[in-house]
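User: Could you take a close look at one part of this model for me? I'd like to hear about a buried charge and what surrounds it.

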Amino acid sequence: MTSDRRTVRITASFFDDLDAQLPHERGPNGEPSVNDFQVYELLRVVDRIAVEWDSLPELIAGRPDYRALTAAGILVPVFTVVGQLATDGAIELVELDIDLEIGRDQLT
């Protein structure tokens, strides 16, 4: 049995981005925390990138080793994750941008 699923690793820079964009404690009005994102969003992100890597858009035209996933979240309206293809064939998640302002109805 063969699998089209790639190995995905999360880099320190990804977690630095996460720490810079969300608080460590849930907000008073239920705003998501770093832990909330890790529990509710991150596993879905890893799964999608592991399976959909080859169909994700190139971040830089002509550079298929960098791709981006932009998606609506469960707890955040929208986020973009940048992945880089490593020499061993794994995907390394290197960047995260969370947009807490955009409405879900604005996604196409």
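Analyst: Happy to! In this predicted model, Arg-67 is buried but has no salt bridge. The nearest side chain of opposite charge belongs to Glu-58, 4.4 Å away; a salt bridge needs the nitrogen and the carboxyl oxygen within 4 Å, so this pair does not count as one. What the side chain of Arg-67 does reach is the backbone oxygen of Pro-64, at 3.2 Å.

Arg-67 sits in strand S3, which covers residues 63-71. Beyond its neighbours within four places in sequence, Arg-67 is in contact with Trp-53, Asp-54, Leu-56, Pro-57, Glu-58 and Leu-59, and also with Val-81, Val-82 and Gly-83.

Asp-65 is found in strand S3 too. The side chain of Asp-65 makes a polar contact of 2.7 Å with that of Arg-63. Setting aside neighbours within four places in sequence, Asp-65 is in contact with Trp-53, Gly-83, Gln-84 and Leu-85. Trp-53 and Gly-83 therefore appear in the contact lists of both Arg-67 and Asp-65.

Val-81, one of the contacts of Arg-67, leads us to the largest nonpolar core. That core has 22 residues, and those touching the most other members are Phe-37, Ile-49, Phe-79, Val-81, Leu-93, Leu-96 and Ile-98. Helices H1 (12-21) and H2 (34-52) each give two or more residues to this core, as do S3, strand S4 (78-85) and strand S5 (91-99). H2 gives the most, with 7 residues. Ile-49, again leaving out neighbours within four places in sequence, is in contact with Val-8, Leu-56, Leu-69, Val-81, Ile-91 and Leu-93.

Conventions: Residues are numbered from 1 along each chain as its sequence is written. This is a predicted model: local features need pLDDT of at least 70, side-chain atom pairs count only at pLDDT 80 or more; totals for chains, interfaces and linings use all residues. Side-chain values use heavy atoms; hydrogens and water are left out. Helices (H or I, at least four residues) and strands (E, at least two) are DSSP runs, numbered from the N terminus. Buried means under 20% relative accessible area, exposed over 50%, partly exposed in between (1.4 Å probe, protein chains only). Lys and Arg count as positive and Asp and Glu as negative; His and the chain ends are not counted. A polar contact is a pair of N or O atoms within 3.5 Å; within protein, one must be able to donate a hydrogen and the other to accept it, and residues adjacent in sequence count only if both atoms are side-chain atoms. Contact means heavy atoms within 4.5 Å. A nonpolar core is a set of buried Ala, Val, Leu, Ile, Met, Phe, Trp, Tyr and Cys residues joined through side-chain atoms within 4.5 Å.
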